[in-house]
Each structure stands twice: as structure tokens, then as C-alpha cells.
Amino acid sequence: MRRLIAIWAGKLLTAAGRLAGKKSTASPGAFALKIYPALVSDINKRVKKKVIVTCGTNGKTTTNNLMCSALEAKGYRVLCNRLGANMLSGIATAYIQEADIFGRLSADYACLEIDEAYTPIVFRQVKPDIMIITNLFRDQLDRYGEIDITINILKRAIAETNGVKIVLNADDPLCVQFGRCEGAEPVYYGISEKVLPQVDDTKEGRFCPICGEELQYEYYHYSQLGDFSCPKCGYSRPEPDYDVRNVSLKTPMRFTVNGERMEVNYKGFYNIYNLAAVYAALDMAGEGTGDFGRLLENYKPQIGRMQEFSFNKPVILSLSKNPAGFNQAIATVNTDDRKKDVIIAINDLANDGRDVSWLWDVDFHKIKNDDLNRLITTGIRVYDISLRFKYAGIDVDMMTDSMKKAVLSALSDDCEAVYILVNYTALYPTEAVLKALEGGKGHE
């Protein structure tokens with residue numbers, strides 16, 4: 001009875017939140033868990049086929065939602081925390097929203113994004129059949145600490161699953177080590193050719209996780225991702241089971257996975273990794289991949305994943321919340337040859353991490369001046385990001401405490417495109433501003 005009351009309470013809170021214009025991604029689940037703490041512990045019993053979880057610093061929301069969309073395109077019913085609420089409360093909310101008023105839930109698959117730090121907590125209630133780990137970068141140091149802490153948490157979670165199939169990024173030396181965990185059944189995906197210019201980049205995992213020696217690279221893609229090897233102990237990039245080659249970054253992007261041709265209308269080299277992870281997990285789940293391209297035709301990127309809005313010029317919104325993510329967003333901006341305004345918003349609320357020293361690890365100096373029309377900064381830490389640009393040798397054309405003013409200014413000048421790069425708590429307010437302006441409700 002407590003379980004049913006918890007579900008009803010969660011549904012009422014979800015409905016109230018929607019009436020108030022809120023997304024209600026975690027709070028209904030948090031409240032329901034206070035009534036019935038074991039609410040999600042029966043997910044494995046209620047999912048007919050497999051539970052697939054996705055962890056990692058960058059790309060987990062996109063990968064999880066791509067996985068969900070691919071399975072839904074095959075006609076399956078999928079339980080999924082689509083909006084990225086990836087702690088136990090977010091999973092509970094997704095469970096509540098999918099269950100009927102009698103508390104019944106029946107799904108073919110569950111696709112669950114999980115915060116790396118919460119994997120042991122979630123795995124005590126939900127046992128994954130397949131676990132995707134996308135990559136590991138420094139992120140929110142005041143919350144996670146250094147990467148070694150996250151690695152140890154994930155190793156503990158994997159040990160508790162007792163034989164989970166793990167889909168790992170072969171190009172990330174920090175991810176590959178999880179294939180050595182006792183009881184793990186790993187497969188690897190990776191990009192097996194040099195694609196990007198080989199320029200200096202911030203490498204998160206410069207040293208071998210086995211012996212501590214500095215790693216050597218035949219080539220790298222970004223940050224520590226690439227064809228790595230340790231000259232001391234022999235730790236090296238494994239041969240990928242799902243091998244990506246023949247990459248073209250023109251629109252639409254093209255590449256092959258194990259010789260099968262793919263063409264996708266997504267921006268960003270990093271999205272090839274997300275797609276390869278989904279391809280591998282589908283195959284591991286026993287689902288066919290011959291129609292992979294068709295499965296993803298109707299997928300729409302989640303909020304802030306190079307999300308495009310329609311004005312008199314294109315406006316592209318991108319979540320960029322750590323050095324690796326920002327560097328990839330900058331690389332994507334640089335592939336666009338149009339004259340463009342770039343708006344950058346940095347907050348330091350609890351969900352962002354209070355420590356913004358990571359801004360000094362972002363390669364802001366690599367923003368191409370040739371195509372840059374104006375640079376606009378905003379957010380709670382507008383002065384910090386503006387100072388960072390001063391030391392990067394790039395002039396800030398406008399500083400403002402209002403995202404609306406920043407967007408209106410960019411829409412009224414002579415640029416051909418606008419890119420807005422924001423960290424986490426600036427994302428939803430920026431989306432709200434853009435939707436209001438797009439709908440004609442926000443013009444001054």
C-alpha cells in the first residue's frame with residue numbers, strides 16, 4: 001500500500017509541477033522515495049528484456065536518449081529518464097510517470113542515465129544487464145573531486161553487479177581499465193583513424209592508470225581520447241569490437257561502423273562516439289543493427305545538445321559544463337564558416353559546482369577570430385569568464401546580466417548565426433528565453 005501511495009503522490013506532484021510550468025524531473029521521485037524507499041527496486045521484474053544504463057562525464061544524456069529512441073523505433077515500450085535527472089530520485093520520477101494509477105508498470109526495456117557518483121546507490125536497487133561508460137573527464141571538482149575518486153566509485157558499482165556486460169570507449173584510457181574489473185564482460189567501440197588536426201589539447205588522463213607512466217599516442221581525437229599506449233607496462237588501446245572509420249564531418253556527418261555506412265544530421269565529432277556506443281549496446285542486447293540509420297531518423301537532440309532555434313538566423317544552444325565539453329563545443333563552432341556571434345553564460349550554483357577554476361583549462365584561445373563577429377558574456381560569473389577571455393587574447397564585445405538582452409542584441413546585428421554555450425543551471429533559463437522569443441512573446 002505504501003508503494004501505491006508513493007506513486008499517487010508522485011503523480012500529483014508531477015501534475016502540479018506541469019501546471020506551474022516546471023519539468024518535474026526529480027522532485028516527485030524524491031518525495032515518493034520518502035514514503036517508499038524501495039520504489040524502484042522492482043524495475044528488473046517489470047522490464048521484460050533488459051535494463052541498459054549509461055554513465056560517463058559527457059554524452060550520457062544523448063547516448064541514453066538515442067538508445068531509447070532506437071528501441072522505440074523498433075516498436076518497444078521503454079522506461080527512460082529522458083531529461084537527464086540521473087540520481088535515484090530522477091529514476092523514481094520516470095518510474096512514477098510510466099506506471100498507471102494502479103501502480104502497474106510494464107516495459108520491454110529500461111534505458112537509464114545514471115550519475116557516476118550514484119551508481120553504487122542505484123545498483124543496490126536496479127541491476128543493469130548492459131552498462132555503457134562513455135568517457136571520464138574532470139567535472140565539478142568541488143563535488144566529485146579528482147577523477148580517481150569517480151573511477152573507484154564506478155569500480156565498486158561494477159563489482160556489485162556481478163557480471164554486467166560493459167560497453168566501453170576504446171579510445172579513453174580511463175574507461176578501458178573497467179574491462180579489467182572482476183566479473184565484467186567488456187566490449188569496446190572506438191574511432192580507428194586520425195580525423196582532427198593534431199594540436200595541443202588538455203589531456204585529463206595523461207598517465208597510465210595501471211603503472212603511472214606517461215602515455216604515448218599515435219594520434220588523439222580530443223582530450224585523452226585516441227590511440228594510446230604505455231611504454232612501460234604495455235597497457236594500450238584495445239582493438240575495437242565496433243570499429244568506426246571513414247569519418248566525414250561535413251553536414252550530414254558520415255562514417256562506417258564495422259563497414260556499415262552511417263549518415264546523420266547531427267553536429268559535433270563527439271556525437272560519433274555517442275552513436276557508436278548505442279550501436280554497440282543494441283548489438284549486445286541482441287537487437288539488429290542493420291536498420292540503425294533508419295532507427296534514428298526521428299531522434300531530436302535533447303535540450304542544449306547543439307539544439308537549433310529558428311529566427312531570422314539560426315541560433316544554436318549547447319550545454320558545455322567542463323573543459324572537455326567546452327573544447328568540443330568550440331571545435332564545433334569553428335567548423336561553421338558563417339559570420340557568427342558567440343554568447344557564453346557561466347553560473348556557479350550548486351548544480352554547476354561552486355569552483356569555476358576549470359575555466360582556465362578550456363582552450364578559449366582556439367575560437368577562430370576570422371569568423372567571430374561578436375563575443376558576448378553573461379551569467380552569474382560574467383566577470384570571471386570575461387577575465388578569462390582577456391587572458392586568451394580575445395576581446396569581449398558585450399557583458400550583460402541578462403540572457404534575453406544578449407540574444408536580442410545578437411539577433412539584431414549583422415551576424416549570420418548565433419552560438420550560445422552555457423553551463424548547467426544556465427541551460428533551462430536560456431531555453432525558456434529562446435522559446436519565448438521564438439514564439440514572439442519575448443520581444444521588447
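Here is a quick tour of the salt bridges, aromatic pairs, one buried threonine and one surface patch in this structure. Keep in mind that this is a predicted model.

**Salt bridges**

The count comes to 24 salt bridges. Three of them are set out below.

| Pair | N to O distance | Relative accessibility |
|---|---|---|
| E98 and R77 | 2.7 Å | E98 24%, R77 40% |
| R104 and D100 | 2.8 Å | R104 53%, D100 26% |
| E431 and K435 | 3.2 Å | E431 7%, K435 46% |

Take E98 and R77: E98 sits in helix α5 (residues 88-98) and R77 in the loop between α4 (60-73) and β2 (78-80), so their bridge ties together parts 21 residues apart in sequence. E98 is partly exposed, and R77 is partly exposed as well.

E431 and K435 are a local affair, being four residues apart in helix α15 (residues 424-438), or about one helical turn. E431 counts as buried because its relative accessible area, 7%, is under 20%, while K435 is partly exposed. In the R104 and D100 bridge, R104 counts as exposed and D100 as partly exposed.

There's also a network of salt bridges, which links K313, D341, R374 and D413.

**Aromatic pairs**

The structure holds 14 aromatic pairs. One of them is F137 with Y222, a tilted pair at 6.3 Å centre to centre with 40° between the planes. The pair links distant parts of the chain, with F137 in the loop between β4 (130-133) and α7 (141-144) and Y222 in strand β7 (residues 216-222), 85 residues apart. Both F137 and Y222 are buried.

Another tilted pair is F364 with F389, at 4.7 Å centre to centre and 50° between the planes. Here F364 comes from the loop between β14 (340-345) and β15, and F389 from helix α13 (residues 382-392), 25 residues apart. Both F364 and F389 are buried too.

Back to F137 and Y222: together with F269 and Y273, they form one aromatic cluster.

**A buried threonine**

T378 lies in strand β15 (residues 372-378) and counts as buried, at 3% relative accessibility. Its side chain reaches the backbone oxygen of T400 at 2.8 Å. Leaving out residues up to four places away in sequence, T378 touches a list of residues including I343, I344, I385, D401 and M403.

**A nonpolar patch**

On the surface, M1, I5, W8, I101 and F102 make a nonpolar patch of about 570 Å². I5 is found in helix α1 (residues 2-19) and counts as partly exposed, at 37% relative accessibility.

Definitions and conventions: Residues are numbered from 1 along each chain as its sequence is written. This is a predicted model: local features need pLDDT of at least 70, side-chain atom pairs count only at pLDDT 80 or more; totals for chains, interfaces and linings use all residues. Side-chain values use heavy atoms; hydrogens and water are left out. Patches are made of residues with over 30% relative accessible area and no salt bridge: like charges are joined within 9 Å, nonpolar side chains (Val, Leu, Ile, Met, Phe, Trp, Tyr) within 5 Å. Accessible areas come from the Shrake-Rupley method with a 1.4 Å probe; for residues, only the protein chains shown count as cover. A salt bridge is a side-chain nitrogen of Lys or Arg within 4 Å of a carboxyl oxygen of Asp or Glu. Helices (H or I, at least four residues) and strands (E, at least two) are DSSP runs, numbered from the N terminus. Buried means under 20% relative accessible area, exposed over 50%, partly exposed in between (1.4 Å probe, protein chains only). A polar contact is a pair of N or O atoms within 3.5 Å; within protein, one must be able to donate a hydrogen and the other to accept it, and residues adjacent in sequence count only if both atoms are side-chain atoms. Contact means heavy atoms within 4.5 Å. Rings of Phe, Tyr and Trp (its six-membered ring) pair if their centres lie within 6.5 Å; planes under 30 degrees apart count as stacked, over 60 as edge-to-face and the rest as tilted.
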